[in-house]
Amino acid sequence: MGQLVAAGVATIDGELGGDPAVIGAEGLTVAATSHRLLLEGKHLHTWCGFDTVGIPAALAVDAVAATTCPSCGGEIVLALPGGQPPASSVVGWWPQVSGPVNESFCPVAGLFCSQEHVTTWRAANLSSRGEALSLIELAERGRSTWSLFTEPGDTP
Ligand SMILES: [Zn+2]
């Protein structure tokens, strides 16, 4: 449990030395966040905007993703039948960071209304290194990121 928390792939409620409850793992969380996922009829929250697209893509299940554009604050809602992203101007920021994924990657891995809104956000966040990716590219990264959950024999 300590290793999972240190790596940022699990979050807990309570002290490690006690009897903590796991409240988040690999992007899904029971804690309220601004990123929501309706996954096969279940209402869930995720750690970041990328999760809302990547997890349904990896699982190839029907989903509705909802998140907020970090640039304009507008709500972004995407229907993902079979986990497939729609044709859309929405793009995601893929940060290049190091450290625990939930503390370094997730806070800036958002979905934006358009490339223009990424450009606006970047002007105020010049220190954030990374790349803007289309929804199709984000779905591909999702299938790779969560492949362990569909191919248990794969090595990390
Ligand atoms: Zn926007």
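What geometry does the site of the zinc ion have, judging by the angles among its 4 donor atoms? Keep that in mind as you open the model, which is predicted.

**Stop 1: the zinc ion**

Select the zinc ion. Then add Cys69, Cys72, Cys113 and His117, its protein donors. The cysteines each offer SG, and His117 offers ND1. These atoms lie 2.0 to 2.4 Å from the zinc ion. Now for the opening question. The angles among the donor atoms run from 99 to 119°, and the site is tetrahedral. For comparison, the ideal angle for four tetrahedral donors is 109.5 degrees.

Look at the sequence next. The donor residues follow the spacing C-x2-C-x40-C-x3-H.

Stay on cysteine 113 for a moment. Its relative accessibility is 21%, so it counts as partly exposed. The cut-off for buried is under 20%.

**Stop 2: proline 70**

Select proline 70. You are in the loop between β6 (63-68) and β7 (75-80). Proline 70 counts as partly exposed because its relative accessibility is 40%.

Which residues does proline 70 touch, leaving aside its neighbours within four places in sequence? Show Gly110, Leu111, Phe112 and Trp121: proline 70 is in contact with them.

Now select leucine 4 as well. It is 66 residues from proline 70 along the chain, and their C-alpha atoms are 28 Å apart.

**Stop 3: helices α2 and α5**

Select residues 49-59 for α2 and residues 135-145 for α5. The two helices pack at about 65°, and their axes are 7 Å apart. Their crossing is right-handed.

Colour the contact. On the α2 side, pick Phe50, Val53, Gly54, Ala57 and Ala58. On the α5 side, pick Leu135, Leu138, Ala139, Arg141, Gly142, Arg143 and Thr145. This contact divides into 7 nonpolar, 3 polar and 2 charged residues.

Is α2 largely enclosed or largely open? Of its 11 residues, 10 are buried, so the rest of the structure largely encloses α2. Among the buried ones are Asp51, Thr52, Ile55 and Pro56.

**Stop 4: two positive phi values**

Step just past α2 to alanine 60. This residue sits in the loop between α2 and β6. Its phi is positive, near 55°, although alanine 60 is not a glycine. Most residues other than glycine have a negative phi.

Finish at glutamate 40, in the loop between β4 (36-39) and β5 (42-46). Here phi is about 50°, again a positive value in a residue that is not a glycine. Is glutamate 40 buried or exposed? Its relative accessible area is 59%, so glutamate 40 is exposed.

Note on methods. Residues numbered from 1 in each chain as written. Predicted model: local features only at pLDDT ≥ 70, side-chain atom pairs only at ≥ 80, totals over all residues. Heavy atoms only, no water. Donors = N, O, S within 2.8 Å, 3.2 Å for Na, K, Ca; no water. Tetrahedral: all angles 85-135°; square planar, octahedral: opposite > 155°, others 65-115°. Buried < 20%, exposed > 50% of the residue type's maximum accessible area, 1.4 Å probe, protein only. Axes fitted to C-alpha atoms, helices over the stretch in contact; angles between N-to-C directions. Helix = DSSP H or I, 4+ residues; strand = E, 2+ residues; numbered from the N terminus. Left-handed = near helix turned anticlockwise from the far one by under 90°. Contact = heavy atoms within 4.5 Å. Nonpolar A, V, L, I, M, F, W, Y, C, P; charged D, E, K, R; others polar.
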